[in-house]
Amino acid sequence: MITCTVRHELDPDQLEAFEVYAKFWLWKIPEMGGTHHGYHMPFEGPNDIAYCHFSFPSLAAYEDYRDLMRADPECQRAYAHAQATKCIRRYDRSFTRPVMDGASADALGL
């Protein structure tokens, strides 16, 4: 499994527009084979930074999603919304491998 973390730099005057965009992806990523772990909107601290995290079973599955996304009319509508509202100033993506299963100290030999 791989997880994509996206750090969005937002226009603070367009947070509602960005939340519309975010809600679409919360619905769409699972439809396209991924697991969305949510968006994290500004609250305290910088008022122009949001994060999202979503996972796919493999890098190949993520690449398939990217191909599907480029051809999907709903995805294109979401991108057009972001461009029209200018809610996203820039974004950065990073990829990690999640550790999801915990174990006791004894089981881990600690």
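A nonpolar core is taken here as a set of buried Ala, Val, Leu, Ile, Met, Phe, Trp, Tyr and Cys residues joined through side-chain atoms within 4.5 Å. In this predicted model, the largest such core has 25 residues, and the members touching the most others are Phe 18, Tyr 21, Trp 25, Tyr 39, Phe 54, Tyr 65 and Ile 88. Two or more residues apiece come from S1, H1, S3, helix H2 (59–71) and helix H3 (73–85). H1 chips in the largest share, with 7 residues.

Now for the sheet. Four strands make up an open sheet, ordered S2-S3-S1-S4 and paired antiparallel. Strand S2 (35–40) and strand S4 (88–96) sit at the edges, each pairing on one side only. On average, and ignoring direction, neighbouring strands here are turned by 15° against each other. Zooming in on one pair, strand S1 (residues 2–10) and S4 run antiparallel to each other over 8 bridges. His 8 has Tyr 91 of S4 as its bridge partner.

Helix H1 (residues 15–31) is laid across S1, S2, strand S3 (49–56) and S4, at about 165° to S2.

Tyr 39 is worth a closer look, being listed among the core members that touch the most others. Setting aside neighbours within four places in sequence, Tyr 39 is in contact with Phe 18, Tyr 21, Ala 22, Trp 25 and Leu 26, and also with His 8, Tyr 51 and Cys 52. Of these partners, His 8 has already come up through its bridge to Tyr 91, while Phe 18, Tyr 21 and Trp 25 share with Tyr 39 a place on that list of core members.

Key:
Residues numbered from 1 in each chain as written. Predicted model: local features only at pLDDT ≥ 70, side-chain atom pairs only at ≥ 80, totals over all residues. Heavy atoms only, no water. Pairing = 2+ DSSP bridges. Axes fitted to C-alpha atoms, helices over the stretch in contact; angles between N-to-C directions. Contact = heavy atoms within 4.5 Å. Buried < 20%, exposed > 50% of the residue type's maximum accessible area, 1.4 Å probe, protein only.
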